[in-house]
Amino acid sequence: MASSWFETVAIAQRRAEKRLPKSVYAALVAGSEKGLSSSDNLASFDQLGFAPHVAGLFNERSMATTIMGQSVSMPVIISPTGVQAVHPDGEVAVAKAAASRGVAMGLSSFASRSIEDVCAVNDRVLFQMYWSGDRDTMVQRLERAKNAGAKGLILTLDWSFANGRDWGSPWIPDTIDLRAVLKLAPEVLARPRWLWSFAKTGHLPTLTTPNMAAPGEDPPTFFGAYDEWMQSTLPSWSDVAWLREQWQGPFMVKGVSRVDDAKRVVDLGASALSVSNHGGNNLDGTPAPLRALPAVVDAVGEQIEVLLDGGVRRGSDVVKALALGANAVMIGRAYLWGLAAEGQSGVENVLDVLRGGIDSALLGLGKSDVKELDRTDVVAPTDFFRKLG
């Protein structure tokens with residue numbers, strides 16, 4: 001029998017494509033409109049090169065760091081992703097994998113597993129919220145997260161109402177009812193391993209969002225939660241500052257591309273910001289975060305932790321981001337491919353692949369610690385970088 005271990009994230013993605021029903025896989029690929037931003041997220045890393053040394057290298061290299069008050073074994077954080085039909089254990093499997101490898105776990109308010117279940121298996125959980133519902137509802141959600149043991153709050157602002165994809169969007173049901181079963185049966189039966197993994201648990205994916213439930217009420221479906229978000233009034237900067245005051249702990253604003261926005265995030269007292277275009281799901285044509293990162297770091301990097309989220313598939317990608325000034329990166333699709341391929345062990349495999357790649361890049365660049373990386377370690381085309389705002 002072939003080994004379940006995979007040596008790159010690309011191999012995990014190919015396994016995920018073979019294992020997942022077509023609609024589930026297509027939902028993970030994501031992107032919006034023409035896919036310019038999602039493509040650029042990957043292409044930007046390919047366009048950046050290294051300037052390695054050949055002697056005077058270090059036999060021992062450290063990747064440990066601290067992000068949002070959490071000591072982590074390497075500068076990688078699990079990015080929060082919404083409701084999945086990827087694996088029966090869902091975010092709990094991801095949280096266990098992250099804990100076993102000493103990294104923090106971002107948990108989406110749209111997740112398929114509760115904040116209580118996830119905090120029970122990982123003590124470095126950062127709870128993610130959208131600006132959704134009224135203020136009382138949002139306070140109730142963040143208090144619930146705090147009581148469950150969440151160590152930080154992530155406010156995601158980089159998701160607009162983009163409609164349509166040139167390659168087509170998958171059909172996603174609100175619930176797995178008879179109509180959904182009949183419509184999806186051909187593609188589900190074509191993936192018996194995925195079906196069997198859920199059948200063993202005695203239930204199919206529920207597509208509900210337990211972290212969006214009001215006290216004493218049943219969890220809304222994903223589209224029920226999505227509808228609440230779409231109907232909510234868009235936040236002002238004073239609204240964001242208000243939410244930051246309610247949390248009174250490590251607080252990240254996710255989705256920054258512009259320098260002027262980054263300065264506003266600093267002014268409201270956030271602990272961290274993430275340079276991100278929501279994996280290409282935001283306004284299509286927004287440059288890759290890697291291109292916008294240095295300008296943001298130059299503007300605010302001495303005042304706030306700066307993370308990068310988007311396009312990371314290798315340990316060398318992590319090192320490139322750190323060399324351009326990021327304190328850490330967040331990964332999304334990379335761990336989802338691992339989860340789809342092999343469950344918890346697949347996520348652990350992805351984290352091990354990244355760790356090995358970081359270590360190899362540090363060795364080649366002659367660094368003993370990730371904190372020593374700087375811009376002299378990378379080579380960029382003259383038109384590579386973008387300064388927004």
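**Exercise 1.** Identify the residues with which Ser232 is in contact, leaving aside its neighbours within four places in sequence, and classify the burial of Ser232.

*Solution.* The model is a predicted one: local features need pLDDT of at least 70, side-chain atom pairs count only at pLDDT 80 or more, and totals for chains, interfaces and linings use all residues. Numbering starts from 1 along each chain as its sequence is written, and side-chain values use heavy atoms, with hydrogens and water left out.

Step 1. Contact requires heavy atoms within 4.5 Å. With its neighbours within four places in sequence set aside, Ser232 touches Trp131, Ser132 and Gly133.

Step 2. Ser232 belongs to the loop between α9 (222–231) and α10 (237–247). Helices (H or I, at least four residues) and strands (E, at least two) are DSSP runs, numbered from the N terminus.

Step 3. The scale for burial is relative accessible area: buried is under 20%, exposed is over 50%, and partly exposed lies in between (1.4 Å probe, protein chains only). Ser232 is therefore buried, because its relative accessibility is 11%.

**Exercise 2.** Find what lines the largest cavity and state its volume.

*Solution.* Step 1. On a 1 Å grid over the protein atoms alone, a cavity is a set of points where a 1.4 Å probe fits but cannot get out; a pocket is an open set with protein on both sides within 12 Å along at least five of seven lines, and lining residues have an atom within 4 Å of a point. Grid points are joined across faces, edges and corners, and a volume is the space filled by probe spheres set on the points.

Step 2. The search of the whole structure returns one cavity of 30 Å³ or more. The volume of the largest cavity is about 30 Å³.

Step 3. Its lining consists of Ser109, Met129, Tyr130, Ser132, Arg141 and Met212. Ser132 also appears among the contacts of Ser232.

Step 4. Ala, Val, Leu, Ile, Met, Phe, Trp, Tyr, Cys and Pro count as nonpolar, Asp, Glu, Lys and Arg as charged, and the others, Gly among them, as polar. By this scheme the cavity lining has three nonpolar residues, two polar and one charged.

**Exercise 3.** Describe the lining of the second largest pocket and the packing of the buried residues of α10.

*Solution.* Step 1. The second largest pocket holds about 550 Å³ of space. It is lined by 27 residues, of which Leu157, Asp158, Trp159, Gly255 and Asp261 are the closest to its centre.

Step 2. Both α10 and β8 (251–256) contribute at least two residues to this lining, and β8 gives the most, with four residues. In character the lining comprises 13 nonpolar, ten polar and four charged residues.

Step 3. In α10, the buried residues are Asp239, Val240, Ala241, Trp242, Leu243, Arg244 and Trp247. They pack against α6 (135–148), β7 (152–156) and β8. Just after α10, Gln248 adopts a positive phi of about 55°.

**Exercise 4.** Explain why the buried residues of α3 lie on the same side of the helix.

*Solution.* Step 1. Helix α3 (residues 36–47) has twelve residues and spans 16 Å from its first C-alpha to its last, close to the 16 Å expected at 1.5 Å a residue. The expected span is 1.5 Å times one less than the number of residues.

Step 2. Its buried residues are Ser37, Ser38, Asp40, Asn41, Ser44 and Phe45. Because they cover an arc of only 165° around the axis, they fall on the same side of α3. The arc is that of the directions from the helix axis to the C-beta atoms.

Step 3. An α-helix has 3.6 residues a turn, so residues three or four places apart point the same way.

Step 4. The cover over the buried residues of α3 includes α12 (289–300), β10 (305–309) and α13 (315–323).

**Exercise 5.** Locate Met68 and Leu207, and decide whether Met68 and Leu207 are buried or exposed.

*Solution.* Step 1. Met68, although not a glycine, has a positive phi of about 50°. Met68 sits in the loop between β2 (65–67) and β3 (70–72) and is buried, at 2% relative accessibility.

Step 2. Leu207, not a glycine either, has a positive phi of about 55°. Leu207 occupies the loop between α8 (192–199) and α9, and at 11% relative accessibility Leu207 is buried.
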